[in-house]
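Grab a coffee and work through these exercises with the model open. Each one has a task and then a solution in steps.

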Amino acid sequence: MKTVKRSLRYTVWVYFMLFISAILILLWLSFVVSLESNYQVMKTADITTVANYIINHSDDENFADDLDKMAFDNNMCISITDLRGVTLYAYDGLGGNCLIHDDHNANLFYYRNKVLESEDGFIYYQATNPKFKNKTLLFVMLLKKDGVPTGFVYLNTSLEPIESTAIIIKKQILQITIVLFVLGLIISFFLAKLIATPIIRITKSADKLAKGDFSEKFDGYGYDETEALAATLNYASNEISKVDSLRRDLIANISHDLRTPLTMIKAYAEMIRDLSGDNPVKREQHVGVIIEESDRLASLVNDILDLSKLENGSKPEKRRFDISEKLMDVMKRYDVLTEQKGYRFFLSIDASHTIDADVQRIEQVLYNLINNAVNYTGENKTVYITQLMRGNNVRIEITDTGDGIDEELLPLIFDRYYRAEKHKREVVGTGLGLSIVKQILVAHGFPYGVQSRKGVGSTFWFEAPVCDLEEESKEHTNSLSLGRRKNDNNTPKK
Ligand code: ADP
């Protein structure tokens, strides 16, 4: 289903105008329409009050004066007659517009008869004044003293609000209506603009961002909500720009790393074809280089795959295993370096400890750290691997005797593709090793870190909580130099 798109500006404007129209309609209804009916109710109530006053206070000393005042205040005509129709009291509060004075005597006779016929002793009667054509209300009542009829009371009041007042009010409301409407139009226009502008500007900035301009900054124009949106977008833009530059680096680095072994493979393959094909010794040597370089390629591709898997948030498959055993197991694979290249590995294990972690991934952490130590250790080609307890954690430290790492570089080396320029490698390195280590240890929630001193060496470490401290009674402190085995083909990441 296709949704109809409306502009925010237009919608705000429409709703605001609807709101103002509703107010105006209410205003008109209450003032103009209900004015009349309210007036009628009010006037009927006035008549009742005056009638009650006459019944209860006819003997008062100031009766006539008080009645004058009431008639004047209420714009009412009052007439009181005896039974024969002789006027006892009269007041014209309607300025000669009464139905009960002078020339209407014939009518009075008619009303008088109606009252006598009525059960209650009074009647309300609505009539139109023949002279001014306005609606009037007439009230006629039989006056009694001690149950004996003594005369008649006539009350007459206009039922329409005094015309001029009504006209003035209507005019004023009309003016208010026009002013409100125009004002509403202007205010809603600016209000709509005010609301829509930051969004329109943010959208423009987002457009630029989408086109790859990461320098564009989002501005929220001081409103809480749009400021929050702008802050989020600035953050997103920042992150995207980081990812973007990482992607560029990654592609540059990967292409560089892929090119080197590929060039070598091609060069040696050509050499075999053109030169050493018939020379078994040379050919063997050249094929060896090709195999080595292919391994390098494979390990680079593996690292990239590992990292992307880890970064996609795949969870570690935890189980309990003996970290000390694993450490010894891993070290066996370095025998070949001891035998062929003269490296020395000193492994020190305080006791056997069980931890709960993903075996394969912890193994990868160990390989990556030890490979780095091998690559960066000093002339003495020595690497120390130590397992010890720190509180409830088992701590693994891998120490080399290399040049160490500049202090300002320490926070960077765990980042993806951070890599020192100089390459002197015994084991294949891709610049991804430490970021894989970081991802794995972060996924496990294990603490990790590095200490390094220039010219002395570096110690990379991580810790894992020991599962069952009671279980671990088998103390066996070892400090052994590995590298005794012969013909162990499990070369580290080669
Ligand atoms: P790679 O070793 O393949 O370059 P890593 O992610 O394993 O990639 O390491 C990143 C960088 O950290 C290395 O290029 C290097 O500069 C530095 N580094 C890592 N381990 C050590 C170490 N033991 N001694 C000195 N520098 C190291």
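**Exercise 1. Is Asn75 buried, partly exposed or exposed, and what is the sign of its phi?**

Step 1: Asn75 has a relative accessible area of 32%, so it goes down as partly exposed. The cut-offs here are under 20% for buried and over 50% for exposed, with partly exposed in between (1.4 Å probe, protein chains only).

Step 2: Before going on, a word about what you're looking at: this is a predicted model, where local features need pLDDT of at least 70 and side-chain atom pairs count only at pLDDT 80 or more, while totals for chains, interfaces and linings use all residues. Residues are numbered from 1 along each chain as its sequence is written, and side-chain values use heavy atoms, with hydrogens and water left out.

Step 3: Find Asn75 in the loop between α2 (63–73) and β1 (76–82). Helices (H or I, at least four residues) and strands (E, at least two) are DSSP runs, numbered from the N terminus.

Step 4: Phi of Asn75 is positive, about 50°, although the residue is not a glycine. Most residues other than glycine have a negative phi.

**Exercise 2. Locate Asp146 and describe its phi and exposure.**

Step 1: Look in the loop between β4 (135–145) and β5 (148–158); that's where Asp146 sits.

Step 2: Asp146 isn't a glycine either, and its phi is positive, near 50°.

Step 3: With a relative accessible area of 79%, Asp146 is exposed.

**Exercise 3. Which partners does the side chain of Thr382 contact?**

Step 1: Start in strand β9 (residues 382–390), which holds Thr382. Thr382 has a relative accessible area of 0%, so it's buried.

Step 2: The side chains of Thr382 and Arg344 make a polar contact of 3.3 Å. A polar contact is a pair of N or O atoms within 3.5 Å; within protein, one must be able to donate a hydrogen and the other to accept it, and residues adjacent in sequence count only if both atoms are side-chain atoms.

Step 3: The Thr382 side chain also reaches the backbone oxygen of Asn380, at 2.8 Å.

**Exercise 4. Work out which residues form the charged surface patches.**

Step 1: Get the rules straight. Patch residues have over 30% relative accessible area and no salt bridge, with like charges joined within 9 Å and nonpolar side chains (Val, Leu, Ile, Met, Phe, Trp, Tyr) within 5 Å. A salt bridge is a side-chain nitrogen of Lys or Arg within 4 Å of a carboxyl oxygen of Asp or Glu.

Step 2: On the positive side you get Arg9, Lys193, Arg201 and Lys204. Helix α4 (residues 163–210) gives the most, three residues. Lys204 is in helix α4 and is exposed at 55% relative accessible area.

Step 3: The negative patch gathers Asp60, Glu61, Asp65 and Asp66. Glu61 lies in the loop between α1 and α2, and its relative accessible area of 81% makes it exposed.

**Exercise 5. Which element gives the largest share of the nonpolar patch?**

Step 1: List some members: the patch includes Leu8, Val179, Leu183, Tyr221 and Tyr223, and its residues together have about 830 Å² of accessible area. Accessible areas come from the Shrake-Rupley method with a 1.4 Å probe.

Step 2: The largest share comes from α4, with seven residues.

Step 3: Take Leu183 as a check: it is in helix α4 and, at 44% relative accessibility, is partly exposed.

Conventions
Lys, Arg positive; Asp, Glu negative; His and termini not counted. Charge placed at Lys NZ, Arg CZ, Asp CG, Glu CD.
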